[in-house]
Amino acid sequence: MTVCEYRPGLEGIPATQSSISYVDGQQGVLEYRGIGIEQLAEKSTFLETAYLLIWGGLPTPQELEGFEYEIRYHRRLKYRIRDMMKCFPESGHPMDALQACAAALGLFYSKRALDDPAYIQDAVVRLLAKIPTMVAAFQLMRKGNDPVQPRDDLSYAANFLYMLNEREPDPLAARIFDICLTLHAEHTINASTFSAMVTASTLTDPYAVVASAVGTLAGPLHGGANEEVIFMLQQIGSVEKVRPFVEDCVARKSRIMGFGHRVYKVKDPRATILQKLAEQLFEKFGQDEYYEIALELEQAVSEKLGHKGVFPNVDFYSGLVYRKLGIPVDLFTPVFAIARAAGWLAHWKEQLGENRIFRPTQIYTGPRNQSYVTLSQRPQIWDKNGQSPQPLTP
Ligand code: SDX
């Protein structure tokens with residue numbers, strides 16, 4: 001077996017073979033099952049796209065109708081999950097709440113039958129159907145209100161905005177939100193998808209797979225960046241302060257949220273579409289105070305860091321869209337999870353098709369053949385700085 005060189009973060013190292021999506025980071029190309037993201041954003045819906053990703057082809061009208069019916073039928077939560085959510089602290093982050101609920105779903109469907117297509121289908125439908133309900137329920141409950149029940153007469157996107165804001169959304173808002181879900185559904189072997197695959201490779205249940213992925217997506221270097229972008233724009237505060245902010249980041253080599261990508265070395269094609277969606281919303285519902293700052297920031301960062309391939313990624317403009325849709329900032333990443341559940345489940349299903357448990361190797365850098373030193377023989381000082389250990393406060 002040849003051992004390849006060590007690449008931090010597995011950069012450029014193939015972890016699998018997959019036919020689900022394709023990215024060309026130099027050309028800014030993203031395709032789901034070979035179909036360009038621009039076409040899917042314009043012509044498809046999130047549920048149809050989820051079907052394409054998971055089952056490998058665009059559904060027939062009958063297949064799509066059946067899939068949408070199944071999703072509507074399974075949107076409601078078990079009352080025990082809702083009761084569990086009542087014990088969550090209001091100050092908790094919604095991604096932690098979602099991770100807990102996703103794992104808890106496994107308690108109700110604990111019979112694992114990974115070789116049964118019906119089990120796979122049921123798990124896919126339940127997770128895609130219930131994750132939006134979980135996110136919206138936590139939002140209402142942390143405000144002290146009862147969650148509202150899903151409405152079968154609303155589309156997937158409209159129903160989420162209804163459950164979140166307790167009123168039917170404007171049709172344009174619902175359509176734009178649905179396109180956002182399509183844009184965020186899948187992106188080859190990103191960190192949270194890789195996390196899902198590693199978990200899936202042990203043949204555990206799909207609810208644990210999604211819970212692993214949710215925990216991974218939450219980090220600010222991954223899905224959590226969309227929330228951080230808004231905080232950054234608020235911190236900058238004005239167009240005039242953009243360039244000093246960028247200069248300071250470059251001087252401190254600190255990461256500018258919403259920019260850069262392991263694969264894209266040009267502007268993320270999803271950012272381009274999201275920017276247009278934001279402008280559509282501004283035209284109908286009024287400008288966002290941070291948009292001009294964002295435009296100036298994109299210009300300044302491209303000038304200063306474009307030579308390193310640092311351009312806006314998917315998280316840079318998405319938050320400005322979500323703000324206009326009335327989505328609270330700390331729900332931006334759970335919204336990302338609602339969409340990415342389609343990609344995680346597609347890779348879960350693909351992984352099961354030709355599974356081999358992930359177990360990479362390492363380059364050992366520690367000492368060898370050491371002897372045990374009894375407690376009485378150990379030096380009194382705690383570390384090389386000679387600091388004695390402080391007693392742990394009870
Ligand atoms: C997502 O993988 C996916 O597909 C993810 C995602 C998906 O759909 O699943 O696209 C979603 O997670 C998008 C990324 C969201 N994260 C952020 O916006 C956080 C800020 N971005 C960076 O932390 C960074 O760009 C990463 C983490 C996204 C990528 O980091 P890499 O690939 O490890 O980049 P790198 O550290 O090798 O950077 C290369 C150079 C470095 O400069 P040098 O050390 O060579 O001089 O570019 C610089 C970096 O300092 N750089 C940045 C930067 N990103 C890279 N400099 C300032 N700000 C940034 N954001």
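1. Let me start with the enclosed space in this predicted model. The largest cavity has a volume of about 40 Å³, and the structure holds one cavity of 30 Å³ or more.

2. What lines the largest cavity? Its walls are made by Met 85, Pro 94, Ala 97, Leu 98, Cys 101, Met 134, Val 135, Phe 138, Leu 331 and Pro 334. By class, this lining comprises 10 nonpolar residues, with no polar and no charged ones. If you would like to find the spot by secondary structure, look for helix 5 (94-108) and helix 6, each of which supplies at least two lining residues. Helix 5 provides the largest share, four residues.

3. The open space deserves a look too. In the largest pocket there is about 1700 Å³ of space. Its lining runs to 48 residues, and those nearest the centre are Gly 260, His 261, Arg 262, Val 263 and Lys 265. For anyone setting up a calculation here, the class split of the pocket lining is 22 nonpolar, 17 polar and nine charged residues.

4. Where does the pocket lining come from? Domain 1 (27-224 + 328-353) and domain 2 (241-322) each contribute at least three residues to the lining of the largest pocket. At the level of elements, at least two residues apiece come from strand 1 (21-24), helix 9 (191-200), helix 12 (242-252), helix 15 (314-324) and helix 16 (332-353). Strand 1 gives the largest share of that lining, three residues.

5. Strand 1 also has a part in the sheet. Three strands make up an open sheet with antiparallel pairing, in the order 1-2-3. Strand 1 and strand 3 (35-36) are the edge strands, each pairing on one side only. Between strand 1 and strand 2 (residues 29-32), which run antiparallel, there are four bridges. As a handle for checking the register, Ser 21 has Tyr 32 of strand 2 as its bridge partner.

6. Finally, the nonpolar packing. The largest nonpolar core has 125 residues, and the members touching the most others are Leu 128, Phe 177, Leu 297, Val 321 and Ile 327. Helix 6 (residues 117-142) makes the biggest contribution to this core, at 15 residues. Why does the core lie between the two domains? Domain 1 (27-224 + 328-353) and domain 2 (241-322) both give residues to this core, so it lies between them.

Conventions. Residues numbered from 1 in each chain as written. Predicted model: local features only at pLDDT ≥ 70, side-chain atom pairs only at ≥ 80, totals over all residues. Heavy atoms only, no water. 1 Å grid on protein atoms, 1.4 Å probe; cavity = no way out; pocket = protein on both sides within 12 Å on 5 of 7 lines; lining within 4 Å. Points joined across faces, edges and corners; volume = space filled by probe spheres on them. Nonpolar A, V, L, I, M, F, W, Y, C, P; charged D, E, K, R; others polar. Domains from an automatic or database assignment. Pairing = 2+ DSSP bridges. Core = buried A, V, L, I, M, F, W, Y, C linked by side-chain atoms within 4.5 Å. Buried < 20%, exposed > 50% of the residue type's maximum accessible area, 1.4 Å probe, protein only.
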